[in-house]
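Trainee: I have a new model open and would like to learn how its labels are earned. Can we go through it together?

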Amino acid sequence: MIETSHIVSLAAVLGSFLIGFKYGKKLTRPGSNADKSSVQESRKSNLQENIFSDFGGEYKMILVVRNDLKMGKGKIAAQCGHAAVGAFEGALKKSPGVLRKWQQSGQAKIAVKVETEQQMMEIYRSAKANNLNCCLIRDAGRTQIEPNSKTVLAIGPAPNQILDTVTGHLKLL
């Protein structure tokens, strides 16, 4: 005999599926905002793919860490992990060809430091101006630092040559 809790669970799963299916169809209907934004993202992706196509060789991702926050080693590791995953997800959507080249060249990740939020934001603006994929991490503030603090900026993956023009002057963490 089927218990009432199993019936309720089954109904919840089926209801969630139907809602998701209906909502998903609205998002992908031709002419919808989602459709237009995917076209815009595709254009950005093609731009980045074309810009970086002339660069062979090595690719890397840079993790810019704020040194002034005095985060512990574990906190820095966690924040860098968040940034690397975010940058990977962004590259997967915006520049899969660049992402593949980075994966094939060893997935290098280099941690560097800045001393202020202002320095981090200058690097962020410069990276964006160079059409580089970026992921800026803000901390929730549950442990060591204030909520909404900008902790780590991931830039790339991208060709080493291009990243060095934006971050080459920074010291290793």
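Mentor: Let's start with pairing: two strands count as paired if DSSP finds at least two bridges between them. With that in hand, look at I137, which stands opposite V152 in β4. Keep in mind that this is a predicted model.

Trainee: What makes strand β3 and β4 a pair?

Mentor: The cut-off is at least two bridges. β3, residues 134-138, is joined to β4 by 5 bridges, and the two run antiparallel. Set 5 bridges against that cut-off, and β3 and β4 pair.

Trainee: And which sense do strand β1 and β4 pair in, and over how many bridges?

Mentor: The sense is antiparallel, and β1 (residues 59-66) has 6 bridges to β4. That meets the cut-off of at least two. V65 has V152 as its bridge partner in β4, and I137 stands opposite V152 too.

Trainee: Why is β4 called largely enclosed?

Mentor: Buried means under 20% relative accessible area. In β4, which covers residues 150-159, 10 of the 10 residues are buried, so the strand is largely enclosed by the rest of the structure. For the chain, buried residues make up 33% of the 173 residues.

Trainee: What makes K128 partly exposed?

Mentor: Its relative accessible area is 37%. Buried would need under 20% and exposed over 50%, so a value in between is called partly exposed. K128 is in helix α5, residues 117-129. The C-alpha atoms of K128 and V166 are 9.9 Å apart, although 38 residues separate the two along the chain.

Trainee: V166 belongs to α6, right? How do you know that the buried residues of α6 line one face?

Mentor: Yes, V166 is one of the buried residues of α6 (residues 160-167), along with I162, L163 and T167. Looking down the axis of α6, these buried residues fall within an arc of 115°, so they line one face of the helix. On the other side, Q161 and T165 are exposed. As background, an α-helix has 3.6 residues a turn, so residues three or four places apart point the same way.

Trainee: Which residues touch the most other members of the largest nonpolar core?

Mentor: M61, L63 and A154, in a core of 20 residues. At least two residues of this core come from each of β1, α3 (73-94), α4 (96-104), β3 and β4. The largest share, 6 residues, is from α3. Apart from this core lies another one of 16 residues, including V64, V112, L153 and I155.

Trainee: What does M61 touch, leaving out residues up to four places away in sequence?

Mentor: Among its contacts are A84, F88, W102, A154, I155 and L163.

Trainee: How much of the chain scores at least 70 in pLDDT?

Mentor: That is 68% of the residues, and the chain averages a pLDDT of 81. Over residues 4-19 the pLDDT stays under 50, and the model has 1 contact there beyond four places in sequence. Residues 34-39 are also below 50, with 5 contacts beyond near neighbours in sequence. Where pLDDT is low, the predicted coordinates should not be read in detail.

Trainee: And how many helices and strands are there?

Mentor: The chain comes to 6 helices and 5 strands. From the N terminus on, they run α-α-β-α-α-β-α-β-β-α-β.

Note on methods: Residues are numbered from 1 along each chain as its sequence is written. This is a predicted model: local features need pLDDT of at least 70, side-chain atom pairs count only at pLDDT 80 or more; totals for chains, interfaces and linings use all residues. Side-chain values use heavy atoms; hydrogens and water are left out. Buried means under 20% relative accessible area, exposed over 50%, partly exposed in between (1.4 Å probe, protein chains only). Helices (H or I, at least four residues) and strands (E, at least two) are DSSP runs, numbered from the N terminus. The arc is that of the directions from the helix axis to the C-beta atoms. pLDDT is the predictor's confidence in each residue, from 0 to 100. Contact means heavy atoms within 4.5 Å. A nonpolar core is a set of buried Ala, Val, Leu, Ile, Met, Phe, Trp, Tyr and Cys residues joined through side-chain atoms within 4.5 Å.
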